[in-house]
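Colleague: Please show me the model, so that we may discuss it step by step.

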Amino acid sequence: MEAFTQKVVFVIQHIPSGKVMTYGQIAAHAGSPRGARQVARLLHSMSSKYNLPWHRVINAEGRISIQDEVRREAQEQLLRDEGIEFSGAKVDLAKFRYDPGQDSF
DNA sequence: AGCTTGACTGTGG
DNA sequence: ACCACAGCCAAGC
């Protein structure tokens with residue numbers, strides 16, 4: 001596949017339960033190391049169309065980047081349900097970050 | 001065919 | 001820890 005969009009979707013759909021990925025990571029695996037913002041944009045507009053586990057995507061700090069309070073809390077709850085622990089408002093990326101590596105694709 | 005926008009990220013004060 | 005700036009690039013207008 002070639003479309004950046006489809007690669008992003010592919011990667012996100014492959015994030016296992018109990019793990020998370022950052023926008024930058026996903027962008028890198030999709031072939032655009034600098035396309036973190038596009039990943040965010042795609043989630044924003046396609047999460048409803050593609051049934052994506054958007055809640056497993058967070059920013060580089062391990063925080064939820066959503067501005068809408070209701071959605072942000074919903075995401076945190078979903079992650080907790082999958083066994084992901086929050087240190088305050090942050091996720092421990094060292095433990096819960098999913099890194100498939102280049103050999104997986 | 002431009003211009004604007006953003007669920008980002010790294011750097012620097 | 002917090003704020004400001006500057007690259008980044010696809011989608012939407």
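The following exchange concerns the two DNA strands, one residue of helix 3, and helix 4 in this predicted model.

Colleague: Which helix gives the most to the surface near DNA strand B?

Modeller: Helix 2 (23-29) and helix 3 each supply at least two residues of that surface. With six residues, the largest contribution is that of helix 3.

Colleague: Which base atom of DNA strand B does a polar side-chain atom of Q38 approach, and at what distance?

Modeller: Among the 16 residues around DNA strand B, those that come nearest are R37, Q38, R41, N59 and A60. From the side chain of R37, an N or O atom is 2.8 Å from a base nitrogen of this strand. For Q38, the partner of the polar side-chain atom is likewise a base nitrogen, and the distance is 2.8 Å.

Colleague: What part of A60 lies 2.6 Å from a phosphate oxygen of DNA strand B?

Modeller: Sugar and phosphate make up 48% of the atoms of DNA strand B that come within 4 Å of the protein. A60 approaches a phosphate oxygen of the strand, and the atom concerned is a backbone N or O atom.

Colleague: How many charged residues belong to the surface near DNA strand C?

Modeller: The residues around this strand are T5, R34, R37, Q38, R41 and K90. None of them counts as nonpolar and two count as polar, so by the classes used here, in which Lys and Arg are charged, the number of charged residues is four.

Colleague: Which atom of DNA strand C is 3.0 Å from an N or O atom in the side chain of R37?

Modeller: The side chain of T5 has an N or O atom 2.9 Å from a phosphate oxygen of DNA strand C. The side chain of R41 has one 3.3 Å from a base nitrogen. For R37, the atom of the strand is a base oxygen.

Colleague: Is V39 buried or exposed?

Modeller: V39 is placed in helix 3. Beyond its neighbours within four places in sequence, V39 is in contact with F4, V8, Y23, I26 and A27. Its relative accessibility is 0%, and because buried means under 20%, V39 is classed as buried.

Colleague: What distance does helix 4 reach from its first C-alpha to its last?

Modeller: Helix 4 covers residues 69-81, which is 13 residues. At 1.5 Å a residue, the expected span is 18 Å, and the helix is close to this, with a reach of 18 Å.

Colleague: Which residue with a positive phi follows helix 4?

Modeller: The phi in question is near 95 degrees, and it belongs to G83.

Note on methods:
Residues numbered from 1 in each chain as written. Chains lettered and ligands numbered in written order. Predicted model: local features only at pLDDT ≥ 70, side-chain atom pairs only at ≥ 80, totals over all residues. Heavy atoms only, no water. Helix = DSSP H or I, 4+ residues; strand = E, 2+ residues; numbered from the N terminus. Expected span 1.5 Å × (residues − 1). Near = heavy atom within 4 Å. Polar contact = N/O pair within 3.5 Å; in protein donor to acceptor, adjacent residues only side chain to side chain. Buried < 20%, exposed > 50% of the residue type's maximum accessible area, 1.4 Å probe, protein only. Contact = heavy atoms within 4.5 Å.
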